Amino acid sequence: MKTTTAGYSNLRTFDLIITAMLIALVFVATLTLNIRLPIAANGGLVHLGTGMLFIASILFGPKKGALAGAIGMGLFDLVSGWTLWAPFTIVARGLQGYIVGKIAWSNGRKGSSMSVNLLAAILSIPVMLAVYFLCERVLFGSWIIPVASIPGNLVQNVVGIAIALPVCVLLKKVSVFK
């Protein structure tokens, strides 16, 4: 019985370490290279964090993807002057990571089908857009002003997909991810 308990404890510790590393990777990817778009006052950012969110979700599944996206990008908002956006980012990116991971890992695939991974990322985008749109509706008191951030959010997701899918193809060749 002791071996089973120790094995379970080691597995949970390893799981916690992986999750913490994914959160850190999303945070650093978001912080390191981000470009503020000159579309409007609320035009948003393009950053590498979205790509890392997709990678985490595809390689590690919905729970880790949701936590990595929510906490990693939420922390970025807190430390980089976007503090007001943090609660909304936590919801939007948590849902986005969960959706990508849930679809990519459906039917036992575990992120192995690149066409399903692409579909997962694409299907997560309207949810992310909707959460940020409603957030901006509340913050700005207008249904029109939030429209200005949609192009930037779309660009951010397209860049994320363009980065994540080739990286996942390469990483899936590594024995750890097979």
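The exercises below, each with a worked solution, concern a predicted model.

**Exercise 1.** Find which helices supply the largest nonpolar core, and which residues have the most contacts inside it.

*Solution.* Start with the core itself, which holds 32 residues. Inside it, Phe-54, Ile-58 and Ile-161 have the most contacts. Next, assign the core to helices: H1 (2-32), H2 (49-60), H3 (62-79), H4 (86-104), H5 (114-140) and H6 (150-171) each supply at least two residues. H5 gives the largest share, eight residues.

**Exercise 2.** Compare the end-to-end span of H2 with the expected value, then decide whether the helix is mostly covered or open.

*Solution.* H2 has 12 residues, so at 1.5 Å a residue it should span 16 Å. The C-alpha atoms at its ends lie 16 Å apart, in agreement. For cover, count the buried residues: 10 of the 12 are buried, and H2 is mostly covered. Among them are Phe-54 and Ile-58. After the helix comes Gly-61, with a positive phi near 95°.

**Exercise 3.** List the contacts of Ile-58 beyond its neighbours within four places in sequence.

*Solution.* With those neighbours set aside, Ile-58 touches Val-100, Ala-104, Trp-105, Lys-110, Gly-111, Asn-117, Leu-165 and Cys-168.

**Exercise 4.** Locate the nonpolar surface patch and classify Leu-31 as buried, partly exposed or exposed.

*Solution.* The patch consists of Leu-31, Leu-67, Ile-71, Leu-75, Leu-78 and Val-79, with about 490 Å² of accessible area together. H3 contributes the most, five residues. Leu-31 belongs to helix H1. Its relative accessible area is 39%; partly exposed covers values between 20% and 50%, so Leu-31 is partly exposed.

Technical notes. Residues numbered from 1 in each chain as written. Predicted model: local features only at pLDDT ≥ 70, side-chain atom pairs only at ≥ 80, totals over all residues. Heavy atoms only, no water. Core = buried A, V, L, I, M, F, W, Y, C linked by side-chain atoms within 4.5 Å. Buried < 20%, exposed > 50% of the residue type's maximum accessible area, 1.4 Å probe, protein only. Helix = DSSP H or I, 4+ residues; strand = E, 2+ residues; numbered from the N terminus. Contact = heavy atoms within 4.5 Å. Patch = residues over 30% accessible without salt bridge, like charges linked within 9 Å, V, L, I, M, F, W, Y side chains within 5 Å. Areas by Shrake-Rupley, 256 points an atom, 1.4 Å probe, with all protein chains shown as cover. Salt bridge = Lys/Arg side-chain N within 4 Å of Asp/Glu carboxyl O. Expected span 1.5 Å × (residues − 1).
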